[in-house]
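Subject: Handing over the structure

Hello,

Here is the structure I promised to pass on to you. Please have a look at it first, and then read my notes below.

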Amino acid sequence: MREKETTVSDTKPKMVRGKATRDFTDATTERRFAAKSSHDFTEGEFGNFLAAGLVVAVDSTPAEAKPARG
Amino acid sequence: MGSQTAAGSSLAISVASPATSDAAGYAALTYTDVGQVEKLGSIGASFAKVEFQPLKGAKQKYKGSADYGALQPSMALDSTDAGQAIMQTSADDESQKLYSFRVTFSDGAKRYFGGRNFGMPETADGADSMLTGAPTIEICTKIVKVAAPAT
């Protein structure tokens, strides 16, 4: 009987959750991102888009936008 | 592959720097393609010419300092294109940061280098023309050439 194949997780790029600050298109992948929508990006993609101000990390939502505690 | 046309060639940019300045180092980076590129321009180093004319004999010519050159692509401006946005960021960057670039030819051959974008002027020409951007990417590192994959 054939053994079940296992996936090699080491080669998977680390993903970063980010939110688009405006509509933009990535010509590399031809993916379109709508403003305010959240997506998973590879670290490299996220770094490039962040530098251009196209995305923000989802965790970096301003404090006032988060629900109050207590 | 022998001769080929420029059609299908592309320009991509990364804000990251390679761990090693070789093909493996550059290939490990994530690049974002620059959209709507019309022309890439010339890419390649040249050497300054050092001349000496002795009183007797022919002029002597020597290779002086290397200049890795500049890439001057032109593109139709697209405010939604991520690659163009990163290009604009590199043009606006007042630091001496090196950005990584990748040129891919239609047969898959690649050229990698680090460079600084010295500006990306926008051109509004006649009515029957596109608004274009023309960055000047000064190449600051040796160009790493990667041959097309064997078919």
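**What I found**

Let me start with one residue of chain A: A:Arg22 sits in the loop that links β1 and β2 of chain A. Please keep in mind throughout that this is a predicted model. Is A:Arg22 buried or exposed? A:Arg22 counts as partly exposed, because 14 other C-beta atoms lie within 10 Å, and a buried residue would need 20 or more. Setting aside neighbours within four places in sequence, A:Arg22 is in contact with A:Ala35 and A:Leu54. As for distances, the C-alpha atoms of A:Arg22 and A:Asp59 are separated by 17 Å, with their places 37 residues apart along the chain.

**The sheet and helix of chain A**

Chain A has an open sheet of three strands in the order β4-β1-β5, with antiparallel pairing. Its edge strands are β4 (38-42) and β5 (55-57) of chain A, each of which pairs on one side only. On average, neighbouring strands of this sheet are turned by 50 degrees against each other, direction ignored. Between β1(A) and β4(A), which run antiparallel, there are five bridges. If you would like one pair to look for, A:Arg17 has A:Asp40 in β4(A) as its bridge partner.

Across β1, β4 and β5 of chain A lies α1(A), which runs at about 115 degrees to β4(A). Which residues of α1(A) are buried? They are A:Glu45, A:Phe46, A:Gly47, A:Asn48, A:Phe49 and A:Ala51. Their cover comes from both chains: it includes β1, β4 and β5 of chain A, and also β1, β2 (32-33) and α2 of chain B. After α1(A) comes A:Gly53, with a positive phi near 75 degrees.

**Where the chains meet**

In the contact between the two chains, 15 residues of chain A touch 18 residues of chain B. On the chain A side, β2 (24-26) and α1 each supply at least two residues. The most comes from α1(A), which gives six. By type, the chain A side divides into six nonpolar, six polar and three charged residues.

A good place to see this from chain B is B:Ala82, which is found in helix α2 of chain B. Why does B:Ala82 count as buried? B:Ala82 is buried because 28 other C-beta atoms lie within 10 Å, where 20 or more are enough. Not counting residues up to four places away in sequence, B:Ala82 touches A:Phe24, A:Thr25, A:Asp26, A:Ala27, A:Phe49, A:Ala52, A:Leu54 and B:Thr32. B:Gly115, by comparison, is 33 residues from B:Ala82 in sequence and 19 Å from it in space, C-alpha to C-alpha.

**The core**

B:Ala82 also appears in the largest nonpolar core, which has 36 residues; A:Leu54, B:Ile13, B:Val34, B:Ala82 and B:Ile86 have the most contacts inside it. The elements giving two or more residues to this core are β1 (15-20) and α1 (43-51) of chain A, along with β1 (10-14), α2 (82-92), β8 (99-104), β9 (110-117) and β12 (137-139) of chain B. With four residues, α2(B) provides the largest share.

For a view from another core residue, try B:Ile13. Beyond four places in sequence, B:Ile13 touches B:Tyr31, B:Thr32, B:Val34, B:Gly83, B:Ile86, B:Met87, B:Ser90, B:Tyr99 and B:Phe101.

**Chain B and its strands**

Chain B contains two helices and 13 strands. Of its 151 residues, 29% count as buried, and its C-alpha atoms fill a box of roughly 65 × 45 × 35 Å along the principal axes. Among contacts in chain B between residues at least 6 apart in sequence, 65% join residues at least 24 apart.

One strand worth a look is β8(B), which is mostly covered, with five of its six residues buried. Five bridges join β8(B) to β1(B) in an antiparallel run, and there B:Ser10 stands opposite B:Thr104. β8(B) also pairs with β9(B) in the antiparallel sense, over six bridges; one of the partners here is B:Arg111 in β9(B), for B:Val103. β8(B) and β9(B) form a hairpin with five residues between them, and B:Gly108 in the turn has a positive phi of about 100 degrees.

Enjoy exploring it!

Best wishes

Notes. Residues are numbered from 1 along each chain as its sequence is written. Chains are lettered from A and ligands numbered from 1 in the order in which they are written. This is a predicted model: local features need pLDDT of at least 70, side-chain atom pairs count only at pLDDT 80 or more; totals for chains, interfaces and linings use all residues. A nonpolar core is a set of buried Ala, Val, Leu, Ile, Met, Phe, Trp, Tyr and Cys residues joined through C-beta atoms within 7 Å. A residue is buried if 20 or more other C-beta atoms lie within 10 Å of its own, exposed if 12 or fewer, and partly exposed in between; C-beta atoms are placed from the backbone. Two residues are in contact if their C-beta atoms, placed from the backbone, lie within 7 Å. Ala, Val, Leu, Ile, Met, Phe, Trp, Tyr, Cys and Pro count as nonpolar, Asp, Glu, Lys and Arg as charged, and the others, Gly among them, as polar. Two strands pair if DSSP finds at least two bridges between them. Axes are lines fitted to C-alpha atoms, for helices over the stretch in contact, and angles run from 0 to 180 degrees between N-to-C directions.
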